[in-house]
Amino acid sequence: MKVITLREGKERSLLRRHPWVFQGSVAKGGGDPGETVRVQSHDGKFLAWAAFSPSSQIRVRAWSFDEAERIDAAFFAGRVRAAVALRRRLGIDSNGVRLIHGEADGLPGLIVDQYDDVLSAQFLSAGTERWKDAIADALVAETGCPYLYERSDSGVRGLEGLPPVTGWLRHPDGPHRATAVTIHENGWKLTLDVAEGHKTGYYLDQRDNRGLFARLVRQLDCRSVLNCYSYTGGFSVAALAGGASEVISVDSSAPALARANAHVTLNGYEASAHVALDADVNGTLRRFIQEGKRFDAIVLDPPKFAPSAAHADRASRAYKDINRLAFKLLNPGGLLLTFSCSGGIGAELFHKIVAGAAMDAAIDGYLLQRLEATADHPTTLTFPEGEYLKGLAIVRKA
């Protein structure tokens, strides 16, 4: 067993059960990509069993803090079993569920979503890549889902020295099974493609927020709705379910907008109630202001502007700008749901950014609710970095 020895004083994070060790904390030792190593303090005391990554700034990701535990196929089967059991206990009323949420489930670098009878997985670290077959076997055995599609095409793999990989990992009917899937949530039907959709295929983390939006649209009698960065129109369907009569979806992906249009009719709403705009959001917001348009409800769910704290300043300006423009387009008494999925922007900072945007727009608002990811995307006490999605539900003061 290879050993990683930390510099003096650098053991504190592992003692707090935080799973990451950065390159600068390592005094000596190494290993092959994904190899299990013993991590010890400068004076030789055991700290963790971990996966070594020679290419990443996160040099070590901890599997276990129990010296007596063995890192083998049975270990991964146990972790998968515990994660799936939690999701079953949550009683989620959907066949689209996040089953494995990386560090929160003790499996750093592993994301697994279930879409009906298809599992879609991202192996994003050297450790999960090394144990891929054992993890895949455990997933199929524990869930009973016969199909497992790999979506390891995130840029994060490049930081681990790993190439992008996509395709079927488990496919009892052969590799030509269709990758299109239909899921249900909040009483609606939504379609996706595990081979082509964003992330693993869809944004399951917004499930509860889409349901909340439908309820608020109805309660606040929002008739006209603008959904920015709409992707395939989940929030647009929610708006129509809430009784909106005019919904505009704005995104820069024509295929995503085509699917958004299809979702409208799939759920029984009139196609004429929905307009899909293949356009830049920032430019569209400015144009609508010039045209004097106003909306009863607006959703801002942009992509990640700040992947790390180093990008926070530039991202803050971008978030402030789109929120300022949205406030200017919002009718008095109107509803704004605004989000950030940037790990480099914390909840407190995001609140300050949105408050500053409101001040610049010369309006005030009531904060109805702070928003976060669904419960199947958990955050643990020892890994606060996992709390990536944050949002605010705001009603503009009249």
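Student: In which loop is the place of Asn186?
Tutor: This is a predicted model, so positions refer to computed coordinates. Asn186 falls outside the strands, in a loop. That loop runs between S12 and strand S13 (188-193).

Student: What is the phi of Asn186, which is not a glycine?
Tutor: Most residues other than glycine have a negative phi. Asn186 is not a glycine, yet its phi is positive. The value is about 55 degrees.

Student: Is Asn186 buried or partly exposed?
Tutor: Buried would need under 20% relative accessible area, and exposed over 50%. Asn186 has 35% relative accessibility. That value lies between the two limits, so Asn186 counts as partly exposed.

Student: Where is Tyr231 found?
Tutor: Tyr231 is another residue with a positive phi, about 50 degrees, although it is not a glycine. Its relative accessibility is 11%, so it counts as buried. It is found in the loop between strand S14 (224-228) and H7.

Student: Which residue meets Arg210 in a salt bridge?
Tutor: Side chains of opposite charge can pair when their charged atoms come close. Here the N to O distance is 2.6 Å. The partner of Arg210 is Glu185.

Student: How many residues apart are Arg210 and Glu185?
Tutor: Arg210 sits in helix H6 (residues 207-219). Glu185 sits in strand S12 (residues 180-185). The pair links distant parts of the chain, with a separation of 25 residues.

Student: What is the relative accessible area of Glu185?
Tutor: Its partner Arg210 counts as buried, at 3% relative accessibility. Glu185 is buried as well. Its relative accessible area is 0%.

Student: How far apart are the closest N and O atoms of Arg61 and Glu160?
Tutor: Arg61 is buried, with a relative accessible area of 10%. Glu160 counts as buried too, at 3%. They form a salt bridge, and the closest N and O atoms are 2.7 Å apart.

Student: Why does the pair of Arg61 and Glu160 tie together parts of the chain, and how many residues apart are they?
Tutor: Arg61 lies in strand S6. Glu160 lies in the loop between helix H5 (156-159) and strand S11 (165-170). The two ends therefore belong to separate elements, and the parts they tie together are apart in sequence by 99 residues.

Student: Which residues are linked with Glu129 in a network of salt bridges?
Tutor: One pairing to begin with is Lys132 and Glu129, at 3.2 Å from N to O. Lys132 counts as buried at 10% relative accessibility, whereas Glu129 is partly exposed at 24%. The network links Glu129 with Lys132, Glu150 and Arg157.

Student: How many salt bridges does a search of the whole structure find?
Tutor: The pairs above, including Arg61 with Glu160 and Arg210 with Glu185, are examples. The search of the whole structure gives a total of 23.

Student: Which side chain joins that of Ser64 in a polar contact?
Tutor: Ser64 is in strand S6 (residues 58-64). It counts as buried, with 2% relative accessibility. Its contacts beyond four places in sequence include Phe46, Trp49, Ile71 and Arg79. The polar contact, at 2.5 Å, is with Glu69.

Student: Which residues is Thr284 in contact with, leaving aside neighbours within four places in sequence?
Tutor: Thr284 is found in helix H9 (residues 281-291). It is buried, with a relative accessible area of 4%. Its contacts are Val250, Leu277 and Ala279.

Student: Which helix gives the most to the largest nonpolar core?
Tutor: The largest nonpolar core has 44 residues. Those with the most contacts inside it include Tyr115, Phe213 and Leu335. The top contributor gives 6 residues, and it is helix H7 (residues 234-241).

Student: How many residues are in another core, with Leu226 and Tyr229 among them?
Tutor: This core lies apart from the largest one. Phe327 and Ile353 are also among its members. Its count is 31 residues.

Student: Which residues make a nonpolar surface patch of about 280 Å²?
Tutor: One member is Tyr366, found in strand S19 (residues 365-372). Tyr366 is partly exposed, with a relative accessible area of 47%. Two other members, Leu220 and Leu368, are touched by Leu335. The full patch is Leu220, Tyr366 and Leu368.

How values were computed
Residues are numbered from 1 along each chain as its sequence is written. This is a predicted model: local features need pLDDT of at least 70, side-chain atom pairs count only at pLDDT 80 or more; totals for chains, interfaces and linings use all residues. Side-chain values use heavy atoms; hydrogens and water are left out. Patches are made of residues with over 30% relative accessible area and no salt bridge: like charges are joined within 9 Å, nonpolar side chains (Val, Leu, Ile, Met, Phe, Trp, Tyr) within 5 Å. Accessible areas come from the Shrake-Rupley method with a 1.4 Å probe; for residues, only the protein chains shown count as cover. A salt bridge is a side-chain nitrogen of Lys or Arg within 4 Å of a carboxyl oxygen of Asp or Glu. Helices (H or I, at least four residues) and strands (E, at least two) are DSSP runs, numbered from the N terminus. Buried means under 20% relative accessible area, exposed over 50%, partly exposed in between (1.4 Å probe, protein chains only). A polar contact is a pair of N or O atoms within 3.5 Å; within protein, one must be able to donate a hydrogen and the other to accept it, and residues adjacent in sequence count only if both atoms are side-chain atoms. Contact means heavy atoms within 4.5 Å. A nonpolar core is a set of buried Ala, Val, Leu, Ile, Met, Phe, Trp, Tyr and Cys residues joined through side-chain atoms within 4.5 Å.
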